Amino acid sequence: MGGGRLIDTLRLTAEEATGLVERGEVSGAELHRAYRDAIAERDPELHAYLCTVEDADGAGVPIALKDVISTRGVETTAASKILAGYKPVYDATVAARCKDAGLPLLGKTNLDEFAMGSSTENSAYGPTRNPWDPTRVPGGSSGGSTAAVAAGLAPWALGSDTGGSIKQPAALCGVVGLRPTYGTVSRYGIVAFASSLDQVGPIAKNVRDCALLHRIIAGRDALDSTTVELPEPIELPEAEGLKGLRIGVPKELNDAEGIEPGVTEAVNRTIELARELGAEVGGCSLPRSVEFGLPCYYLIAPSEASSNLARYDGVRYGHRSEANGDVRAMYERTRREGFGDEPKRRIMLGTYALSAGYYEAYYGQAQKVRTVIRDEHEAAFEQFDVLVSPTSPIVAFELGARTANPLAMYAADLLTIPSNMAGLPGLSIPCGLSEGLPVGFQLIGRQFSENVLFSTGHALESAIGFDFVPERYR
Amino acid sequence: MSTAWEPVIGLEIHVHLKTRTKMFCRCPVAYFEPPNTQTCPVCLALPGALPVPNRQAVEWTILLGHALGCQIPERAIFHRKNYFYPDNPKAYQISQYDQPLCVNGSFEVPGAAGDRVVGIERAHLEEDAAKTIHLGGAEGRIHGSDRSLVDFNRAGTPLVEIVSRPDIRSPEEAKNFLQLLRQTVVELGISDAEMEKGSLRFDVNVSVRPQGSGELRTRTELKNMNSFNFAAKGIEREVRRQIQVYESGGEVVQETLHFDPGNESAPPLRSKEEAQDYRYFPEPDLVPLEPERELVERLQAALPELPSARIRRLETEVGYALAEGLVTSGRDELYSRIPGERAAVANVVMNELAALGLDAASVNAEELGKVIERRGEIPRAAFTDALAASTSPDFAAERYLAEASIADASELDPVIDRILTENEANVAAYRGGKEGLLGFFVGQVMKETGGKANPKIVNERLREKLRA
């Protein structure tokens with residue numbers, strides 16, 4: 001009924017869309033169709049989606065889910081060939097909670113295969129491009145979800161974050177992304193990468209949308225033993241000021257080698273804004289977290305991945321290579337053909353790190369360092385409520401620029417990994433442009449302090465006035 | 001000169017817990033359902049599925065730990081044991097490694113030659129694998145088979161692994177240990193422990209050493225044995241073999257001997273023990289188990305009198321063999337209810353009654369005791385009838401005792417006198433030395449009394465009268 005007139009998917013926030021639906025000005029089906037039209041128009045260039053869903057199965061605001069989230073009857077591949085054609089018989093808890101909240105599925109978004117990567121170039125089904133500049137990557141691994149939200153192909157989306165896979169692509173695409181406190185969002189039904197680090201989180205155009213979506217998915221799940229009850233309900237942020245908030249600026253996260261000057265500039269401007277809004281700002285230090293965070297992450301995550309990815313053996317689902325009657329040969333061919341280079345690299349790293357004689361020196365030692373990282377953050381939080389830094393040292397880079405050098409790609413997560421290793425929540429909000437590309441501002445909080453992150457992020461966002469619609473679409 | 005050798009035996013026992021649902025999902029534990037009907041995303045290891053531990057299984061493992069005299073540490077951890085095999089859907093088994101639920105126990109096994117205290121290294125909780133069937137190959141093994149079928153109904157069944165220290169010194173002791181352990185888990189109500197069903201399985205580690213030496217030599221592992229008797233035989237055979245190897249100057253090689261459960265006489269298949277690296281690490285999908293002390297104590301208090309204690313108690317009444325038999329067959333409760341001379345009661349319970357396969361709980365013990373007490377006086381057929389009827393609600397000893405034989409000399413003497421008078425020639429022949437004729441007279445008396453005469457008394461009376 002002329003609803004299309006009201007639906008500018010590039011500008012419309014999920015909160016506004018909810019209002020339209022509630023007031024009966026637009027139906028859920030019309031919303032769904034509007035986004036499908038936008039997908040048809042812009043996704044052939046971007047390739048944010050691996051698959052889309054034709055009919056809305058809910059009357060609310062539609063959502064895109066990263067393709068590690070199991071969706072009953074809808075192909076779920078983790079962007080890997082080894083899961084080609086796999087249609088789950090069950091919904092992940094977060095997918096079920098979205099369904100229960102009436103959010104119809106728009107489709108499944110692209111990612112680095114098994115969430116391993118920082119550019120979405122490791123997808124077995126081809127890369128996603130950045131809506132701000134299609135010659136550049138959207139970041140990763142949740143690059144499909146962040147690109148979809150930035151390009152108005154979904155009002156909001158879910159991603160998953162292991163070493164920075166929500167925060168970093170949110171930064172590179174100019175959207176808001178939350179990596180929740182470990183244990184607050186169910187992992188049941190999430191194709192596992194590194195179980196002790198994986199966490200699903202919301203991606204949206206602004207902080208309030210992010211909080212709304214987080215409220216839907218967070219909370220204990222009897223099917224995931226590592227989840228806990230939220231100590232307090234998620235609040236929608238209102239306040240515009242930051243009076244009384246103590247903001248810490250960790251030296252090592254802000255002065256790290258390789259941070260682009262344009263990024264530092266935008267971040268410093270935001271810190272200045274925070275001061276103007278009434279926050280107290282002071283310096284602090286996380287020396288060991290930053291020095292050892294990345295190397296320890298690259299022991300723990302591949303170790304767990306080597307075990308988590310072992311189930312893809314061709315016996316029960318997904319890709320199976322035929323091999324002359326020998327089960328071992330079948331396993332080997334299936335996995336050789338089914339996995340891309342990055343999963344293979346991490347499976348080998350992890351298998352090695354867990355091997356007898358190496359376990360103590362590698363996995364065991366990395367777990368000990370993790371405790372050190374946790375303690376170091378805890379000490380900083382005795383003085384501060386929120387720690388801030390750039391989310392990514394660099395803005396979106398060109399496709400192919402880092403694929404030849406895995407270590408350069410791993411460094412993209414340098415600033416997001418330390419707090420992830422400590423299990424802490426982190427929010428990335430866009431804080432300006434550098435060379436015409438979005439810069440992300442990372443806010444790290446205490447365990448379960450999502451409300452503090454949302455209220456801080458919301459106040460800053462209002463003061464920054466960032467226009468989340470990519471210039472080329474305005 | 002020849003060395004005296006001593007067997008060194010350790011056991012690893014796997015027991016299925018008879019919980020309603022599986023270890024890490026809510027699928028029913030079921031044994032005889034059509035293949036792959038008792039499955040879900042968790043036990044099929046679909047992408048994203050996560051384990052949730054079965055609380056009942058944890059409690060039962062602690063209960064068993066108490067029965068094995070174990071300590072229950074404050075904190076236990078599940079580990080992943082990584083290996084590829086089609087029956088292992090996640091390609092790792094969730095098991096326990098260096099922090100199991102139960103540690104450092106000791107289990108007392110009464111024996112004919114005194115008690116043996118067997119150390120229990122650990123008892124831990126894990127999940128069972130699926131069942132595989134290999135078609136078209138030799139010996140039903142995966143190598144060389146045409147294709148393999150997997151049934152995931154069993155995948156994820158809670159399994160307790162009990163590891164003994166190498167404290168067992170003979171095949172008989174191993175058998176006693178296994179029987180007693182089996183009876184213990186059955187009585188705790190935590191497992192059927194039926195070998196035929198696969199709910200009890202065990203492996204045996206065997207080595208030998210010169211008597212008196214404390215060394216532990218290379219051991220071999222015996223797998224797939226389908227009965228306790230077969231295990232005892234297998235151990236005996238392996239001990240003999242190892243002694244022979246050493247005595248002929250050789251070395252025992254570490255290997256696994258797989259027995260073919262379908263063919264007990266076939267020699268075992270040997271496979272070199274591969275030093276497989278399972279890459280254990282703490283299962284990140286589960287939080288550590290920290291059983292509340294209150295629960296641990298409550299389970300300790302709930303422990304019933306254990307079979308070993310009952311064997312020791314009954315041993316003083318009927319000797320070790322009968323006591324062990326009564327307890328490990330679960331018949332000692334019936335034995336205790338039946339009044340009368342203990343050895344006689346024990347023998348009847350273990351032999352005639354056991355053979356009848358009656359429901360022990362419904363036996364009228366009081367009445368049956370009266371029958372057993374006067375067993376010598378009633379015909380064998382009447383005794384058997386009495387046993388068979390002992391579970392019926394109107395069973396009464398009186399009816400069977402009425403058939404008691406005529407043992408009263410005052411009743412028998414007139415009959416005997418008459419027979420002797422009627423057979424004067426034979427009497428003379430007997431007295432002349434043909435003592436074999438006694439049987440003839442006995443037969444005549446039995447015939448006269450319709451078989452009711454007590455043969456022992458008849459013999460005595462005849463001998464006395466013929467002597468005169």
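Start by selecting A:Ala157 in this predicted model. Setting aside neighbours within four places in sequence, A:Ala157 is in contact with A:Ile63, A:Ala64, A:Leu65, A:Thr109, A:Ser145, A:Ala148, A:Val149 and A:Ile203. Show those residues as sticks and you have your first stop.

**The nonpolar cores**

Now widen the selection. A:Ala157 is among the residues with the most contacts inside the largest nonpolar core, along with A:Ile63, A:Ala148, A:Ala154 and B:Ala174. That core has 216 residues, and α9(A) gives the most to it, with 8 residues. For a second, separate core, go to B:Leu322, B:Leu353, B:Val363 and B:Ile372, which are included among its 24 residues.

**Chain A as a whole**

Zoom out and colour chain A by secondary structure: you can look for 15 helices and 11 strands. The radius of gyration of chain A is 21 Å, close to the 23 Å that the globule rule gives for 474 residues, so chain A is as compact as a globular protein of that length. Along the principal axes, its C-alpha atoms fill a box of roughly 70 × 60 × 45 Å. How much of chain A counts as buried? The share is 61% of the 474 residues. If you draw the contacts in chain A between residues at least 6 apart in sequence, 76% of them join residues at least 24 apart.

**Where the chains touch**

Next, display both chains together. Here 36 residues of chain A are in contact with 27 residues of chain B. To see the chain A side, select α9 (287–308), α10 (327–338) and α11 (341–354), each of which supplies at least two residues to it. The largest share comes from α9(A), with 3 residues. Colour this side of chain A by residue type and it divides into 18 nonpolar, 12 polar and 6 charged residues.

**Three stops in the loops of chain A**

Select A:Ala78 in the loop between β2 (63–66) and α3 (93–100) of chain A. Most residues other than glycine have a negative phi. A:Ala78, though not a glycine, has a positive phi of about 55°. Is A:Ala78 buried or exposed? A:Ala78 counts as buried because it has 34 C-beta neighbours inside 10 Å, where 20 or more are needed.

Move on to A:Ser141, in the loop between β3 (105–109) and α4 (143–150) of chain A. Most peptide bonds are trans. The bond joining A:Gly140 and A:Ser141 is cis, with omega about 10°.

The third stop is A:Gly423, in the loop between α14 (417–421) and β10 (426–434) of chain A. With 19 other C-beta atoms within 10 Å, A:Gly423 is partly exposed. Apart from neighbours within four places in sequence, A:Gly423 is in contact with A:Thr181, A:Tyr182 and A:Gln447. Try the distance tool here too: the C-alpha atoms of A:Gly423 and A:Ala147 are separated by 26 Å, and these residues are 276 apart along the chain.

**Over to chain B**

Colour chain B by its domain assignment: domain 1 (5–300), domain 2 (331–401) and domain 3 (409–467). The centres of domain 1 and domain 2 of chain B, taken over C-alpha atoms, are separated by 39 Å.

Within domain 1, pick B:Asn36, which lies in the loop between β1 (5–16) and α1 (55–67) of chain B. B:Asn36 is not a glycine, yet it has a positive phi of about 60°. B:Asn36 counts as partly exposed, with 14 C-beta neighbours inside 10 Å.

**Last stop: a helix with two sides**

Finish on helix α14 (residues 438–448) of chain B. Which of its residues are buried? They are B:Phe441, B:Gln444 and B:Val445. These residues cover an arc of only 95° around the axis, which puts them on the same side of α14(B). Turn the helix around to find B:Gly439, B:Gly443 and B:Lys447 exposed on the other side.

To see what covers the buried residues of α14(B), add α12 (409–422) and α15 (455–467) of chain B, which are included in the cover. Then step just past the end of α14(B) to B:Gly450, which takes a positive phi of about 65°.

Terms used:
Residues numbered from 1 in each chain as written. Chains lettered and ligands numbered in written order. Predicted model: local features only at pLDDT ≥ 70, side-chain atom pairs only at ≥ 80, totals over all residues. Contact = placed C-beta atoms within 7 Å. Helix = DSSP H or I, 4+ residues; strand = E, 2+ residues; numbered from the N terminus. Nonpolar A, V, L, I, M, F, W, Y, C, P; charged D, E, K, R; others polar. Core = buried A, V, L, I, M, F, W, Y, C linked by C-beta atoms within 7 Å. Buried ≥ 20, exposed ≤ 12 C-beta atoms within 10 Å, placed from the backbone. Arc of directions from axis to C-beta. Rg over C-alpha atoms; globule rule 2.2 N^0.38 Å. Domains from an automatic or database assignment.
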